[in-house]
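Visitor: I should like to study one part of this protein closely. Please choose a helix and describe how the chain around it is arranged.

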Amino acid sequence: KALKILERLENSHVDGNWRSKPSSRSYNMVINACSNSIMADDIERKEALNIAFDVFTRIRSSLHVDTDRYTYISMLKTCGKLIPKKSLEDRKLAVKTVFESCCVEGLVDEKILMNFCMAAPKELASSILGKHKTTPRVKDLPKEWSYRATH
């Protein structure tokens with residue numbers, strides 16, 4: 001349902017209704033709704049995960065709206081909740097993709113880092129965070145990962 005509302009906003013905006021322009025909050029709410037599908041069956045969880053990544057791709061390629069810290073928090077939560085721990089390679093790839101995008105955009109803050117650590121398999125967290133893996137803090141990570149984050 002949330003995706004259909006977002007698509008109506010997008011279509012209405014494209015059709016010339018400039019007041020219906022979707023915001024980052026619009027996209028983030030759809031991603032967040034997907035993360036709440038944890039109690040659904042396997043097929044519905046997979047569909048929710050696909051929707052979340054579709055929306056994540058849309059916001060990242062949009063010329064009108066930018067990702068923000070909530071985009072990454074919601075995506076990391078969605079990965080952590082919807083990708084089974086037994087699907088190690090899928091989980092590693094998804095979490096790594098999201099977190100690396102966040103690093104490139106310079107948006108890593110303490111909340112994003114905490115959600116990354118919760119969603120990432122241990123070996124992924126260790127390989128990315130290196131010596132800071134036990135109690136990582138943003139101040140100990142490369143500055144370019146958080147240059148746009150508000151602390």
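**Helix H5 and its neighbours**

Guide: In this predicted model, the order of elements along the sequence is α-α-α-α-α-α-α. The protein thus described contains 7 helices and 0 strands. Of its 151 residues, 44% are buried. Where contacting residues lie at least 6 apart in sequence, 65% of the contacts join residues at least 24 apart. The exposed surface comes to about 9200 Å², with 54% of it supplied by carbon and sulfur atoms.

The part chosen here is helix H5, which spans residues 88-105. Its packing against three helices, H3, H6 and H7, may be taken in turn. A word on the description is useful beforehand: two packed helices are characterised by the angle between their axes and by the distance separating those axes.

Consider H3 to begin with. Helix H3 covers residues 42-61, and it packs with H5 at an angle of about 20 degrees, the axes being 13 Å apart. Angles under 35 degrees count as roughly parallel, and H3 and H5 are therefore roughly parallel to each other. The crossing of H3 with H5 is left-handed. On the H3 side, the residues that meet H5 are Phe-53, Phe-56 and Arg-60; on the H5 side, they are Ala-94, Val-98, Ser-101 and Glu-105. By class, this contact of H3 with H5 holds 4 nonpolar, 1 polar and 2 charged residues.

Next comes helix H6, residues 110-119, whose axis comes within 10 Å of that of H5 and crosses it at roughly 165 degrees. Because an angle over 145 degrees counts as roughly antiparallel, H5 is roughly antiparallel to H6. Here too the crossing is described as left-handed. From H5, the residues Arg-91, Val-95, Phe-99 and Cys-102 take part, and they meet Ile-112, Leu-113, Phe-116, Met-118 and Ala-119 of H6. The contact of H5 with H6 divides into 8 nonpolar residues, no polar residues and 1 charged residue.

Helix H7, residues 122-129, packs with H5 at an angle of about 30 degrees, and the two axes are 10 Å apart. H5 and H7 are therefore roughly parallel to each other, and their crossing is right-handed. The contact involves Lys-92, Val-95, Lys-96 and Phe-99 of H5, together with Glu-123, Leu-124 and Ile-128 of H7. Sorted by class, the residues of the contact between H5 and H7 are 4 nonpolar, no polar and 3 charged. Val-95 and Phe-99 of H5 appear in the contact with H6 and also in the contact with H7.

Two individual residues complete the picture. Leu-88 belongs to helix H5. Its relative accessible area is 33%, so Leu-88 is partly exposed. Although 32 residues separate Leu-88 from Ala-120 in sequence, their C-alpha atoms are 9.3 Å apart in space.

Gly-106 is placed in the loop between H5 and H6. Gly-106 counts as buried because its relative accessibility is 0%, and buried means under 20%. The C-alpha atom of Gly-106 is separated by 8.2 Å from that of Lys-143, which lies 37 residues away along the chain. Leaving aside residues up to four places away in sequence, Gly-106 touches Glu-144, Trp-145, Ser-146, Tyr-147, Arg-148 and Ala-149.

Conventions: Residues are numbered from 1 along each chain as its sequence is written. This is a predicted model: local features need pLDDT of at least 70, side-chain atom pairs count only at pLDDT 80 or more; totals for chains, interfaces and linings use all residues. Side-chain values use heavy atoms; hydrogens and water are left out. Helices (H or I, at least four residues) and strands (E, at least two) are DSSP runs, numbered from the N terminus. Buried means under 20% relative accessible area, exposed over 50%, partly exposed in between (1.4 Å probe, protein chains only). Contact means heavy atoms within 4.5 Å. Accessible areas come from the Shrake-Rupley method with a 1.4 Å probe; for residues, only the protein chains shown count as cover. Axes are lines fitted to C-alpha atoms, for helices over the stretch in contact, and angles run from 0 to 180 degrees between N-to-C directions. Angles under 35 degrees count as roughly parallel, over 145 as roughly antiparallel, 65 to 115 as roughly perpendicular and the rest as oblique. A crossing is left-handed if the near helix is turned anticlockwise from the far one by less than a right angle, and right-handed if clockwise. Ala, Val, Leu, Ile, Met, Phe, Trp, Tyr, Cys and Pro count as nonpolar, Asp, Glu, Lys and Arg as charged, and the others, Gly among them, as polar.
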